[in-house]
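Colleague: I have not looked at this structure before, and I would like to go through it with you step by step. Could you show it to me, please?

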Amino acid sequence: ADIHSLHFRSWGIKMATAKVKQDMPPPGGYGSVDYKRNLPKRGFSGYTMFAIGIGTILFGYWRLFKWNRERRRLQIEDLEARVALLPLLQAESDRRILRMLRENLEEEAKIMKDVPGWKVGESVFHTDRWVPPISDELYNLRPNEEHVHQKFGFQMYV
């Protein structure tokens, strides 16, 4: 006796007497196997999402063009307001300059009263045309802080 038959005998199984029953399909065969994907429909289709995207872009461009037209209209309104105010602002600036020139002439008359042959307010330019005064000429007889503030404004603090 070989080793295998001894082993099966210890379990109470006889090799020659063991009948093997073959596994067979049931009568009529097995049922069909469901192998196709069965996923539930989720969200919009691709065409719908594409249409929504194009619609959103078109709406955005429409709002952008509308806002640009409004902004252009507001810019034109601001420009017209500036053009309308420019003569007033220029007149105020001219009045301020003429007042400062008059004050400078009064101060010059006080300072140069003892100098013989001095003509107060005589122009250094040999012309009859108006020559706008430079800031040094306007602020020469004023405190230095006023001249610096006019010349540099708030640049010193930046």
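Colleague: What percentage of the residues in the chain is buried?
Modeller: This is a predicted model, and a residue is counted as buried when its relative accessible area is under 20%. Among the 158 residues of the chain, the share that is buried comes to 8%.

Colleague: How many helices and how many strands does the secondary structure of the chain have?
Modeller: Read along the sequence, the chain gives the pattern α-α-α-α. The secondary structure accordingly comes to 0 strands and 4 helices.

Colleague: In which helix is confidence highest?
Modeller: For the chain as a whole, the mean pLDDT is 85, with 86% of the residues at 70 or more. Confidence is lowest in helix 1, residues 3-10, where the mean is 55. Where pLDDT is low, the predicted coordinates should not be read in detail. The highest mean, 95, belongs to residues 46-111, which form helix 2.

Colleague: Which helix gives the most residues to the largest nonpolar core?
Modeller: The largest nonpolar core has 5 residues in all, namely Ile97, Met100, Leu101, Leu138 and Tyr139. With 3 residues, the element that gives the most to this core is helix 2.

Colleague: Which residues does Leu101 touch, leaving out those up to four places away in sequence?
Modeller: Leu101 is one of the residues of the largest nonpolar core, and Leu138 also belongs to that core. A contact here requires heavy atoms within 4.5 Å. Beyond four places in sequence, the residues that Leu101 touches are Trp130, Pro133 and Leu138.

Note on methods
Residues numbered from 1 in each chain as written. Predicted model: local features only at pLDDT ≥ 70, side-chain atom pairs only at ≥ 80, totals over all residues. Heavy atoms only, no water. Helix = DSSP H or I, 4+ residues; strand = E, 2+ residues; numbered from the N terminus. Buried < 20%, exposed > 50% of the residue type's maximum accessible area, 1.4 Å probe, protein only. pLDDT = per-residue confidence, 0-100. Core = buried A, V, L, I, M, F, W, Y, C linked by side-chain atoms within 4.5 Å.
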